[in-house]
Amino acid sequence: MVSNALVLFSGGQDSTACLAWALNRFNRVETLGFDYGQRHHVELECRQNVIAQIRQQFPQWDKKLGQDHLLDLGLLGQISDCALTSETEIQFAQSGLPNTFVPGRNLLFLTFAATLAYRRNLGVLVTGVCETDYSGYPDCRSNTMQALQLALNLGMEQQFRIETPLMWLDKAQTWQLASDLGGLALLDITREDSHTCYLGERNRRFDWGYGCGTCPACELRAKGYETFMETQQGEAG
Ligand code: ZN
């Protein structure tokens with residue numbers, strides 16, 4: 001039974017839920033983030049804050065939570081001109097994909113994760129990819145993940161398992177997952193410290209957290225939160 005995991009952790013809502021999911025399930029959990037010239041280093045700061053808060057508020061998880069790794073993938077900025085790495089507007093390309101899209105980004109992320117996991121002796125790779133909300137991203141799909149798992153295992157002669165706890169959840173269900181795993185404390189950490197906004201806005205606070213409120217990531221997060229809260233109130237009443 002494999003019990004050690006590496007969580008791809010960006011400090012966003014999704015990967016925060018994934019981190020809690022892994023801490024709830026595995027004996028040892030390490031985290032991996034990528035610095036690829038995001039316009040806003042707030043993301044990297046937020047991921048540190050989320051980790052610190054989880055350590056502080058969940059002593060049972062603190063014991064399992066091992067090293068945090070940060071890999072410099074600045075070369076991604078060289079090969080993809082997109083809204084996350086340059087100052088261009090967020091708009092949709094002709095293909096229907098947002099131009100925040102970095103082609104095949106998750107293939108690269110998971111391959112680097114597997115390389116690190118190999119050296120750290122971690123058997124499970126946990127990623128927050130999801131088909132439900134971002135069906136336009138082909139590198140987030142379940143089929144892609146299955147094929148990649150096979151390729152990694154053949155190419156490294158390992159038996160890695162890629163786990164995607166959010167694959168079939170919508171954003172409201174991701175809020176629910178955080179609530180189920182870590183109750184109010186984890187909801188608070190998600191609202192206060194996790195970051196999703198494409199524009200890196202941390203000055204405006206909404207009931208779902210910080211952000212500009214209008215970029216696609218903020219809209220999705222806000223809508224999911226609203227639905228989640230309605231469900232909560234429905235259950236309470
Ligand atoms: Zn935003």
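The following exchange introduces a predicted model through its zinc site, its helices and several of its loops.

Biologist: Which residues coordinate the zinc ion?

Modeller: In this predicted model, the donors of the zinc ion follow the spacing C-x14-C-x2-C-x2-C along the chain. The SG atoms coordinate at 2.3 to 2.4 Å, and they belong to Cys-197, Cys-212, Cys-215 and Cys-218.

Biologist: What is the arrangement of the four donor atoms around the zinc ion?

Modeller: Ideal angles for four tetrahedral donors are 109.5 degrees. Around the zinc ion, the four donor atoms subtend angles of 106 to 116°. Four donors count as tetrahedral if all angles lie between 85 and 135 degrees. The arrangement is therefore tetrahedral.

Biologist: How many residues apart in sequence are the parts that Cys-197 and Cys-218 tie together?

Modeller: Both residues coordinate the zinc ion through SG. Cys-197 lies in the loop between α7 (171-193) and β6 (205-206), whereas Cys-218 lies in helix α8 (residues 216-236), so the pair ties together parts that are apart in sequence by 21 residues.

Biologist: Is Cys-197 buried or exposed, and what of Cys-218?

Modeller: Buried means under 20% relative accessible area. Cys-197 falls in that class, and Cys-218 does too: both are buried.

Biologist: What distance should helix α5 span, and how far apart are its end C-alpha atoms?

Modeller: Helix α5 (residues 105-120) has 16 residues, and the expected span uses 1.5 Å a residue. The count taken is one less than the number of residues. The expected span is therefore 22 Å, and it agrees with the separation of the end C-alpha atoms, 22 Å.

Biologist: Which residues of α5 are buried?

Modeller: A residue counts as buried when its relative accessible area is under 20%. Arg-120, which is in helix α5, is partly exposed at 29%. The buried residues of α5 are Asn-106, Phe-109, Leu-110, Ala-113, Ala-114, Leu-116 and Ala-117.

Biologist: How far is the C-alpha atom of Arg-120 from that of Asn-4?

Modeller: Arg-120 has its place in helix α5. Along the chain, Arg-120 and Asn-4 are 116 residues apart, and their C-alpha atoms are separated by 9.6 Å.

Biologist: Which residue just after α5 takes a positive phi?

Modeller: The residue lies in the loop between α5 and β4 (124-126). Its phi is near 60°, a positive value in a residue other than glycine. With a relative accessible area of 59%, this residue is exposed. It is Asn-121.

Biologist: Where does Glu-157 lie, and what is its phi?

Modeller: At 73% relative accessibility, Glu-157 counts as exposed. Glu-157 lies in the loop between α6 and β5. Although Glu-157 is a residue other than glycine, its phi is positive, near 50°.

Biologist: Are α5 and α6 roughly parallel, roughly perpendicular or oblique?

Modeller: The axes of α5 and helix α6 (residues 142-156) come within 11 Å and cross at roughly 40°. That angle makes α5 oblique to α6. The crossing is right-handed, and the relation asked for is oblique.

Biologist: Are α2 and α7 roughly parallel or antiparallel?

Modeller: The axes of helix α2 (residues 42-57) and α7 come within 10 Å, and α2 passes α7 in a right-handed crossing. They cross at roughly 160°. Angles over 145 degrees count as roughly antiparallel, and the two helices are therefore roughly antiparallel.

Biologist: How far apart in space are Trp-168 and Thr-132?

Modeller: Trp-168 is found in the loop between β5 (161-163) and α7, and Thr-132 lies in the loop between β4 and α6. Trp-168 is exposed at 57% relative accessible area, whereas Thr-132 is partly exposed at 37%. The C-alpha atoms of Thr-132 and Leu-169, 37 residues apart along the chain, are separated by 6.2 Å. Trp-168 and Thr-132 are 36 residues apart in sequence, and their C-alpha to C-alpha distance is 5.7 Å.

Biologist: Is Val-126 buried or exposed, and how far is it from Leu-110 in space?

Modeller: Val-126 is found in strand β4. At 0% relative accessibility, Val-126 counts as buried. Leu-110 is among the buried residues of α5. The two residues are 16 residues apart in sequence, and from C-alpha to C-alpha the distance is 9.1 Å.

Terms used. Residues are numbered from 1 along each chain as its sequence is written. This is a predicted model: local features need pLDDT of at least 70, side-chain atom pairs count only at pLDDT 80 or more; totals for chains, interfaces and linings use all residues. Side-chain values use heavy atoms; hydrogens and water are left out. Donors are N, O and S atoms within 2.8 Å of the metal (3.2 Å for Na, K and Ca); water is not among the atoms, so sites may look incomplete. Four donors count as tetrahedral if all angles lie between 85 and 135 degrees; four count as square planar and six as octahedral if opposite donors are over 155 degrees apart and all others between 65 and 115; anything else is irregular. Helices (H or I, at least four residues) and strands (E, at least two) are DSSP runs, numbered from the N terminus. Buried means under 20% relative accessible area, exposed over 50%, partly exposed in between (1.4 Å probe, protein chains only). Axes are lines fitted to C-alpha atoms, for helices over the stretch in contact, and angles run from 0 to 180 degrees between N-to-C directions. Angles under 35 degrees count as roughly parallel, over 145 as roughly antiparallel, 65 to 115 as roughly perpendicular and the rest as oblique. A crossing is left-handed if the near helix is turned anticlockwise from the far one by less than a right angle, and right-handed if clockwise.
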